[in-house]
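The report below takes up a structure through its covalent cross-link, its nonpolar interior and its strand pairing, in that order.

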Amino acid sequence: QVQLVESGGGSVQSGGSLRLSCVDFGYNIASMNWMGWFRQAPGKEREGVAAIASDGSTSYAESVKGRFTISQDNAKNTLYLQMNSLKPEDTAMYYCAATDYPLVITTTPRPADFGYWGQGTQVTVSS
C-alpha cells in the first residue's frame, strides 16, 4: 500500500530556499509511472508544481520553471523538490502524489491524474 509522507516545509524569506522530501513507506516509488508535487494555497484550488516519470523525464508548471527542481532517489525511496528563489506567492501546502497509470505529462501535472497522496507540508514565504 502506498504511504506518502512529506517533510521539509517551513518559513523562509523571499529569495530563500527549501528542499521538500517525500518518503513512500509502503511501496517502491520506482514502480510508479509518475511522482509529483502539488500545492494548494488558502481559498485556491490544488495545482500542479512538478512531476517526474519513471524514466526520469520531468514536467514543471510555468510559474516554477528555473526555480524548482524535482528529483527522486530510488535507493532511498524518496522524492525531492528543491525550491530556490522562493516568492511569497509560493506560499501553500505542498503535497506529494503518485500514480501508476501510464500517463503522458508534457506541461503542468493535473491533480486528477494522481491517485495516491500524502498529507502535505506547509511552506510559507514572507516578503
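What follows describes a predicted model, beginning with the disulfide and moving outward to the cores and the sheet.

**The disulfide**

A search of the whole structure finds one disulfide, and this link joins Cys 22 to Cys 96 with an S to S distance of 2.1 Å. The pair connects distant parts of the chain, since Cys 22 sits in strand 3 (residues 18-24) and Cys 96 in strand 9 (residues 92-99), with the two positions 74 residues apart in the sense that they are 74 residues apart. The link of Cys 22 and Cys 96 is left-handed, with -70° about the S-S bond. Are the two cysteines buried or exposed? Cys 22 counts as buried because its relative accessibility is 1%, under the 20% limit, and Cys 96 likewise counts as buried because its relative accessibility is 0%.

| Cysteine | Relative accessibility |
|---|---|
| Cys 22 | 1% |
| Cys 96 | 0% |

**The nonpolar cores**

In soluble globular proteins, nonpolar side chains tend to be buried together. In this model the largest nonpolar core holds 29 residues, of which Met 35, Trp 37, Leu 81, Met 83 and Tyr 94 touch the most other members. The elements that each give two or more residues to this core are strand 3, strand 4 (34-40), strand 5 (47-53), strand 7 (68-73), strand 8 (78-83), strand 9 and strand 11 (121-126), and the largest share, four residues, comes from strand 9. Apart from this core lies another, of seven residues, among them Phe 38, Ala 51, Ala 97 and Phe 114.

Which residues does Met 35 contact when its neighbours within four places in sequence are left aside? Its contacts include Leu 4, Ile 29, Ile 52, Ile 70, Leu 79 and the disulfide-forming Cys 96, and Met 35 is also in contact with Ala 51, Ala 97 and Phe 114, three residues that belong to the seven-residue core.

**The sheet**

Four strands form an open sheet in the order 1-3-8-7, with antiparallel pairing. Strand 1 (4-7) and strand 7 are the edge strands, each pairing on one side only, and neighbouring strands of this sheet are turned by 15° against each other on average, direction ignored. Within the sheet, strand 3 and strand 8 pair in the antiparallel sense over six bridges; one of the residues involved is Leu 18, whose bridge partner in strand 8 is Met 83, and Met 83 is also among the residues that touch the most other members of the largest core.

Notes. Residues are numbered from 1 along each chain as its sequence is written. This is a predicted model: local features need pLDDT of at least 70, side-chain atom pairs count only at pLDDT 80 or more; totals for chains, interfaces and linings use all residues. Side-chain values use heavy atoms; hydrogens and water are left out. A disulfide is a pair of cysteine sulfur atoms within 2.5 Å. Buried means under 20% relative accessible area, exposed over 50%, partly exposed in between (1.4 Å probe, protein chains only). A nonpolar core is a set of buried Ala, Val, Leu, Ile, Met, Phe, Trp, Tyr and Cys residues joined through side-chain atoms within 4.5 Å. Contact means heavy atoms within 4.5 Å. Two strands pair if DSSP finds at least two bridges between them. Axes are lines fitted to C-alpha atoms, for helices over the stretch in contact, and angles run from 0 to 180 degrees between N-to-C directions.
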